[in-house]
Amino acid sequence: IDCTGIVSKQCYEAWLKTRKNVPLRPEETFRKSILSHITCTDGGSQPFPAEVEKALLKLLRRGGEVWPCFKDKKDNKGMLLKIGIKGLRCQGYHETKHKEEAPQFC
């Protein structure tokens, strides 16, 4: 599954247009929105389908480069954004669910 569209400039710009009020830090808000759908720890987000989550986690965990939607983009202070450089370290909803369902042996 190709998930590159989720972190594309087109997706980010489309998401931004859906906001009633533009967030103070829209790039960080977009990042958190994606993470909320990956982890479902906020209590309200719907998880991505398992196959999409797996492909998206593989893409975002690579690190080493800024997400395509933020390439050459600067924050409010004029600094280049670095979202994605370190790679994603969180567990996905389906990963966590799978671990909880697996039998535990001591």
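## Aromatic rings and two crossing helices

Ring pairs link Tyr12, Trp15, Phe30, Trp67 and Phe70 into a cluster (rings of Phe, Tyr and Trp, the last by its six-membered ring, pair if their centres lie within 6.5 Å). Keep in mind that this is a predicted model, where local features need pLDDT of at least 70, side-chain atom pairs count only at pLDDT 80 or more, and totals for chains, interfaces and linings use all residues. Residues are numbered from 1 along each chain as its sequence is written, and side-chain values use heavy atoms, without hydrogens and water.

**Exercise 1.** Work out how the rings of Tyr12 and Phe30 are arranged.

*Solution.*
- Start with the distance: the ring centres of Tyr12 and Phe30 are 5.2 Å apart.
- Now the angle: their planes sit at 75°, so we call the pair edge-to-face (planes under 30 degrees apart are stacked, over 60 edge-to-face, the rest tilted).
- Then place them: Tyr12 is in helix H1 and Phe30 in helix H2, 18 residues apart (helices are DSSP runs of H or I, at least four residues, numbered from the N terminus).

**Exercise 2.** Do the same for Phe30 and Phe70, then decide whether each is buried or exposed.

*Solution.*
- The ring centres of Phe30 and Phe70 are 6.1 Å apart with planes at 85°, so this pair is edge-to-face.
- Phe70 sits in the loop between helix H3 (50-61) and helix H4 (93-101), while Phe30 lies in helix H2, so the pair ties together parts 40 residues apart in sequence.
- Phe30 has 3% relative accessibility, so it counts as buried (under 20% relative accessible area is buried, over 50% exposed, in between partly exposed, with a 1.4 Å probe and protein chains only).
- Phe70, at 0%, is buried.

How values were computed. Helices (H or I, at least four residues) and strands (E, at least two) are DSSP runs, numbered from the N terminus.
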